[in-house]
Amino acid sequence: MAAAFSVARSSCGLINGLRTSLRGLAPLKHGAVAASVPGTGLHRGCRRYSVGHLSVKERVDEKRRAALVGGGQSRIDAQHKRGKLTARERVQLLLDPESFVETDMFVEHRCSDFAMEQDRNKFPGDSVVTGRGRINGRLVYVFSQDFTVFGGSLSGAHAQKICKIMDQAMTVGAPVIGLNDSGGARIQEGVESLAGYADIFLRNVLASGVVPQISLIMGPCAGGAVYSPALTDFTFMVKDTSYLFITGPDVVKSVTNEDVTQEELGGFCLLCNSIFFYFQLVADLSLSSFSDRLVPSLDTIVPFESTKAYDMLDIIQSIVDERDFFEIMPNYAKNIVVGFARMNGRTVGIVGNQPKVASGCLDINSSVKGARFVRFCDAFNIPIITFVDVPGFLPGTAQEYGGIIRHGAKLLFAFAEATVPKITIITRKAYGGAYDVMSSKHLRGDVNYAWPSAEVAVMGAKGAVQIIFRGKENQAEAEAEYVEKFANPFPAAVRGFVDDIIEPSTTRKKICRDLEVLASKKQVNPWKKHANIPL
Amino acid sequence: MAAHGLPPSLSRLLFAVKYGSLQSRCCALHSKAQYSTVHNPGEKTFDKILIANRGEIACRVRLLDTLINFEHMNSHTCKKMGIQTVAVHSDVDSSAVHAKMADEAVCVGPAPTSKSYLNMDAIMDAIRATGAQAVHPGYGFLSENKEFAKRLAAEGVAFIGPDTHAIQAMGDKIESKLIAKAAKVNTIPGFDGVVETVEEAVKIAQEIGYPVMIKASAGGGGKGMRISWNDEETREGFRFSSQEAASSFGDDRLLIEKYIDNPRHIEIQVLADKHGNALWLNERECSIQRRNQKVVEEAPSTFLDPETRRLMGEQAVQLAKAVQYSSAGTVEFLVDSKKNFYFLEMNTRLQVEHPITECITGLDLVEQMIRVAKGYQLHHKQEDIPINGWAIESRVYDPYKSFGLPSIGRLSQYQEPLNLSNVRVDSGIQEGSDISIYYDPMISKLVTYGATRAEALAKMEDALDNYVIRGVTHNIPLLREIITHPRFISGDISTNFLPEVYPDGFKGHQLEADKRRELLASAAALYITAQLRSQKVLGGLRVSSAPVECNHWELCVELGDGRHAMEVTKSGDVFTVEVDGGTVEVSGQWNLASPLLPLTINGSHRMLQVTTHTHTHFQLRVLSKLAAELNSYMPEKVPEDTSSILRSPMPGTIVAVSVKPGDTVAAGQEICVIEAMKMQNSLTAVKQAKVKSVHCKPGETVGEGDLLVELE
């Protein structure tokens, strides 16, 4: 009997408990404002504009403390164990000491579904750290996603914080650097999260060409999130710990039945921890360099046999200041070399065909790589120096089906529309349409030089002779005649298509002087809403 | 001060600190170091000489104003003598220095030496086409080729060297020993004759008693030579030596002789005319050798007393007279610890290391060779030949990975230490030259001179520190280590010096604690200089920049596996660095664009070279304190397990593959043989394993790092 009673009581307790929890759920269901104002403080009736026993200052301090540890020590440890740093550590490392000025440390997410409104699910600052700071004294805006808070997932508030600093960066004209380490959208928030992405995308697009935007992928970056890095000017990835893909291996498996790893799907394609370097480069430096330096080694760099390869990087490194060349995408489309360097302290963008890889021909990938780089330089007023040794566009069905015409046109378009100072050096071959494309005189090249080894022609001797003298005997003699007539810089020079034929060793000296003169170059394209680059 | 890690421009840099004093010892050149024979313009020799060689020796014979700065000792002999020169070159050498410097240059064929520099038909054509009256063969190539001398004689062209008879007699190691014995020259016990088979080789070796030396009968310069301590090595050595001999000299005959342990290699320069006069021009100590290739030479030797020198000299002259030798030649001896000396061989040509003899005797050997070839008598008597001062030669070349294998590349930066006095650099290259796979990997011969040995050595140290070579690996760290080694300084050397001092290969300079502090401090000072510079912007920043002028930094430098925390303060140009419990002051006005960074460390001058090479220099990484702390969270990169894969250590040709998939190999067993720079290198298994796959076949050309064989 006693036992039965006790059971009844305990079940009663159970019901009571249930009731309470239902009551707790009710506000959620109706979307009413939930957590923030626990009643007790008000009852005390004091005028401290605060809750509980804490003053505002104490609350501020507490929130700041909470913000600084993000998702808590255990999550920080987990992050370290993965060989990754926390959002704040990264910011600290990236920026000059004590230069970080944080904004929106108190922002919290506004989601109230799935118990998200509970205090334990609120983190001051949410899953991103934003603010501004300096890199080598230069102002930059930074956001750094915090993987320790909800896996760095993007909430409406998170997106709002990012948008805020992007807007500020645009108003003052400073670069934006995003340190991405996020699991993706915050699923609890649903469409609000998607809206957040779109807000960021819009700003990425509007800021494009206004301020430089750089993305650093320092962890996973999947789904919709990938489009923000894709819209920025440069994307750097950390080897081994970062991934960039639209859909993860599980989804791929379920849709196409392919077995792939994260690494295969979106492992690093470009290793560069050298963001600092980039910043040093994009600002002009007052260096104590030798602008009049002669480079004797260039006189022998181009081999006599036009079939033999050489390394375009050798030329670039010996011409630029201190042999410092910051190559962009060194592992992709290696038949074209692009990157930044300085000439007498001034930042320049360098584009060069790489004879060492696929003879330096232009194909789909190299055209797109070059075009994007040229447009970046043009957008941010960085002069372009082009080294030409190009045997033409790569022939073949793979290229034609892949759209070499459209993609090749991008490079042509980019060079043609660029209004920054453009200096071109033809080191050896400049054949066919590729000659036109590679910043030729006809595309408003400011200064076009040829080395004595230059061959500006429609095509190589052998092919040309087979067409001109089809069916004729004595092809060898005809070939020799063609070589004599065309495989040299004179046909271009007599028509004024190159300004001068120069000794290779004087190239640096000449470029430095030309850049000084061209610093005041003014050129405007006709007004238009925007051009229609063949995408 | 930016604390954000390392700017990659610096982080990947490696610092080669060479602890050498910068104070230039501007002592006047010893007056007697000039050539004692002033050229007599009335003495007519030839109008035009063809130089059948390449590289530094072709330039040496010809004319190279810029390369020499011995004030009165110019080594461009032909120019001095008013002789026109004709260069021959292969097609890849068409822009080489020697071809550009000559009055005329003729291409004699494609890159492989057998088709160009050894192509007698083409060279004879070049002689006819240019009307050259004489040919100087330099060293190597056709210099000791009797056929070539015969063909020249048939066309009435003078060969600047000895007669065919002497070349033939001395060129064959077996015959030369017989002649030497007959001329009462001390010889090494051994087997004189051609060894036909492996078994015969083993039998002879056992009779002579181990250790024995197996070498190519026609060879020289260390090629085709192997030392053997037991029957197994004899078999292997026989096979290698005959292959190398066949590929290098087209003659696979071998001989075997007693190997003298711990010997010195000392050679006597002789000079003879066609009138029966012969002189000995003192000795050269060439004991510092690697695989029988000379590395550092000096003249005179610290070891010889005047009596031994005289005995050796007289025997050398006896031998020269016995073969009616004319022109310059070298008689090589092995000298044991009791100053017993044994005839080794006679080189019937100008030696690589002849400049040191020129330095101490004041004779221009090339000029003398030309005079002798024309038939003039020697001016000098034996008692006229002096030993004035001391000269040291370092062969700067392109080794590969510690002691091992040759590499190739393009000299992206090159600056010879000609700003120093009493330095002579014989080189045939310039910035932008290729160190070609086809030819000798020597970059230059660096010769320094001093009134005393100590002076010459100090000068050598300076010269090595001021030598800028980028783009190819080089042996300057090793050279510097040798000439500053206590054993070398005391003169306690033998041909085993390098294997004894560096039994596991040269691993780079080992730093003592104070030197390490200096290196760390220099790295920190340089890092900060670069950091401060990168904050300066042309025209200034729109937003006012740097918070406060910073002059105190906390850094962490990684050197090898060690981490060193340091505190740096800067006042004016002086950095005070506290590291590892010591304080170092570093100062200097640097142009970071220059390859040489002179700096003052604790009051003494040092020369610092910042390189992008990972050779035997020191690799340092400067981090801010914060970055160093956070760095501990970064995962270690796991290096590839290389024990089961065999990659090609250098570009070259596969000569033989001794395994096939499925074979089981023992640790140390030969897997394949790769030939590069005319040397055959045996690649062996590091562990016992089964061969998984073979990715190369004999005759195939492979690049550096190519996968050759995979083990399971």
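This passage describes a strand, a pocket, a helix and a loop residue in a predicted model.

Strand β5 of chain A, which spans residues 213-217, is considered first. Five of the five residues of β5(A) are buried, so the strand is largely enclosed by the rest of the structure. In a regular strand the side chains alternate between the two faces of the sheet. In β5(A), Gln213(A), Ser215(A) and Ile217(A) lie on one side, while Ile214(A) and Leu216(A) lie on the other, and the burial of all these residues shows that both faces are covered.

The strand also has paired neighbours. Strand β4 of chain A (residues 176-180) runs parallel to β5(A) and is joined to it by five bridges, and within this pairing Asn180(A) has Ile217(A) as its bridge partner. A parallel pairing is likewise found between β5(A) and β7(A), here over four bridges, with Thr235(A) of β7(A) serving as the bridge partner of Ser215(A). Together with α7(A), the strands β4(A) and β5(A) form a right-handed β-α-β unit.

Two of the elements named above, α7 (191-207) and β7 (234-237) of chain A, are also among those that give two or more residues to the lining of the second largest pocket, as are α8 (227-231), α13 (364-379) and α15 (404-417). The second largest pocket encloses about 1,800 Å³ of space, and its lining is made up of 45 residues, of which Ser208(A), Thr232(A), Asp233(A), Arg372(A) and Arg375(A) lie nearest the centre. Helix α13(A) supplies nine residues, the largest share of this lining. By residue class, the lining of the second largest pocket comprises 27 nonpolar, nine polar and nine charged residues.

Helix α12 of chain A, covering residues 312-319, is mostly covered, since six of its eight residues are buried. These buried residues are Met312(A), Leu313(A), Ile315(A), Ile316(A), Ser318(A) and Ile319(A). They pack against several strands of chain A, namely β9 (326-328), β10 (336-343), β11 (346-353), β12 (384-390) and β13 (422-431), and also against the helix α20 (507-518).

Helix α20 of chain A also bounds, together with β16 (500-501), the loop in which Ser505(A) is placed. Ser505(A) has a relative accessibility of 11%, and because residues under 20% are classed as buried, Ser505(A) counts as buried. When residues up to four places away in sequence are left out, Ser505(A) touches Arg293(A), Leu294(A), Val295(A), Pro296(A), Leu298(A) and Asp299(A).

Technical notes. Residues are numbered from 1 along each chain as its sequence is written. Chains are lettered from A and ligands numbered from 1 in the order in which they are written. This is a predicted model: local features need pLDDT of at least 70, side-chain atom pairs count only at pLDDT 80 or more; totals for chains, interfaces and linings use all residues. Side-chain values use heavy atoms; hydrogens and water are left out. On a 1 Å grid over the protein atoms alone, a cavity is a set of points where a 1.4 Å probe fits but cannot get out, and a pocket is an open set with protein on both sides within 12 Å along at least five of seven lines; lining residues have an atom within 4 Å of a point. Grid points are joined across faces, edges and corners, and a volume is the space filled by probe spheres set on the points. Ala, Val, Leu, Ile, Met, Phe, Trp, Tyr, Cys and Pro count as nonpolar, Asp, Glu, Lys and Arg as charged, and the others, Gly among them, as polar. Buried means under 20% relative accessible area, exposed over 50%, partly exposed in between (1.4 Å probe, protein chains only). Two strands pair if DSSP finds at least two bridges between them. A crossover is right-handed if, with the strands pointing away from the viewer, the path from the first strand over the helix to the second runs clockwise. Contact means heavy atoms within 4.5 Å.
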